[in-house]
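The exercises below are meant to be worked with the sequence and the three-dimensional view side by side. Try each task before reading its solution.

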Amino acid sequence: MREDKIAPLVQELNEHHADILKNVTTMLKPGQRLIYAAIIGSHAKNMNSPGSDFDCKCIIVHEERDYMLQKVKENRNFEYDEMLEGTFIDILTACKYAIASNPQLYEAFEGIVLLETRASSDIKALYHKAFNFEVLHHSLSGMLYNRKKKKRLLLLDDKRNKTIQKIRTTRKNAAEEAYLALKIFYMHDNMNSIPPLDVLNILMDVNSITEEQRHMITVLIQNRKADKCAEYTISPEFQIFVNKALDMKLGTQVSSKKNCSTHTLQLEAEKNFLSLFYNSSCDL
């Protein structure tokens with residue numbers, strides 16, 4: 001395996017992030033090498049509350065012999081302790097995800113980077129060439145619809161012969177609904193720009209919501225960070241905000257096609273993979 005392709009690029013980490021990377025590395029099995037690691041989840045979204053654990057998405061490469069013997073698993077979840085968990089994605093699977101604009105790669109490459117290598121930079125370049133905005137938009141809309149449908153509790157309260165309907169959930173679930181909706185608004189307002197993960201950066205560049213809605217979401221995020229398990233009552237204004245996002249369609253100017261053909265992208269992915277083990281085509 002070529003060390004120049006998998007050697008860490010210069011990256012300054014604070015002490016806590018350095019410890020996380022060290023702990024992630026201890027979860028590797030013999031013959032596996034870490035070529036990319038990033039923090040995703042609530043910490044990357046800037047929505048973490050006290051006691052929030054760390055989620056990581058990582059890309060790994062195995063020994064050449066393991067690929068030849070077809071002994072490589074596509075993904076493997078890991079749990080270091082109750083405060084750190086994540087997923088190892090094999091490099092071939094990562095390339096496949098990149099070409100398909102799989103949201104798992106979106107989270108990884110937009111997260112808080114802990115480790116990068118030349119090999120991961122090649123995959124990231126492939127990811128940007130292949131990125132399909134319609135795939136991400138469809139994924140966000142599907143997650144928002146499912147969360148709205150399944151994570152709310154409808155309460156009927158009979159008082160004074162009147163039925164009062166309240167829709168309740170937790171701050172965590174409400175904040176996640178708002179977060180997904182904000183991403184959809186972001187894609188509508190910033191065509192052909194991949195949404196960041198940090199909710200504050202998203203809010204900064206969303207123009208198609210009212211100041212009242214912006215304030216409502218800002219307060220919700222702050223309260224979620226203070227106590228994610230506290231009860232939250234879904235207001236009519238909140239429902240209008242979410243429903244508007246669900247009704248949104250991408251503009252015709254948004255790129256929905258890959259910059260290269262799928263076949264060309266697959267050839268590039270294969271070339272990048274082989275370059276991990278061989279210096280040039282003459283070595284094959």
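A patch is made of residues with over 30% relative accessible area and no salt bridge, where like charges are joined within 9 Å and nonpolar side chains (Val, Leu, Ile, Met, Phe, Trp, Tyr) within 5 Å. A salt bridge is a side-chain nitrogen of Lys or Arg within 4 Å of a carboxyl oxygen of Asp or Glu. Lys and Arg count as positive and Asp and Glu as negative, while His and the chain ends are not counted; the place of a charge is NZ of Lys, CZ of Arg, CG of Asp or CD of Glu. Accessible areas come from the Shrake-Rupley method with a 1.4 Å probe, and for residues only the protein chains shown count as cover.

This is a predicted model, in which local features need pLDDT of at least 70 and side-chain atom pairs count only at pLDDT 80 or more, whereas totals for chains, interfaces and linings use all residues. Residues are numbered from 1 along each chain as its sequence is written, and side-chain values use heavy atoms, with hydrogens and water left out.

**Exercise 1.** Find which residues gather in a patch of positive charge on the surface, and place Lys 151.

*Solution.* Begin with the members of the patch, which are Lys 149, Lys 150, Lys 151 and Lys 172. Next, locate Lys 151 in the loop between α8 and β6 (153-159); helices (H or I, at least four residues) and strands (E, at least two) are DSSP runs, numbered from the N terminus. Finally, Lys 151 is partly exposed because its relative accessible area is 41%, given that buried means under 20%, exposed over 50% and partly exposed in between.

**Exercise 2.** Find which residues gather in a patch of negative charge on the surface, and classify Asp 81.

*Solution.* The patch consists of Glu 79, Asp 81, Glu 82 and Glu 85. Asp 81 belongs to strand β3 (residues 75-81), and it counts as partly exposed because its relative accessibility is 34%.

**Exercise 3.** Is Ser 141 buried or exposed, and which residues is it in contact with beyond its neighbours within four places in sequence?

*Solution.* Ser 141 sits in helix α8 (residues 133-150). With a relative accessible area of 16%, Ser 141 is buried. Once neighbours within four places in sequence are set aside, Ser 141 is in contact (heavy atoms within 4.5 Å) with Ile 184 and Leu 246.

**Exercise 4.** Describe the backbone angle and the surroundings of Gln 70.

*Solution.* Gln 70 is not a glycine, yet its phi is positive, at about 55°. Most residues other than glycine have a negative phi. Gln 70 lies in the loop between α4 (64-68) and β3, and it is exposed, with a relative accessible area of 73%.

Technical notes
Buried < 20%, exposed > 50% of the residue type's maximum accessible area, 1.4 Å probe, protein only.
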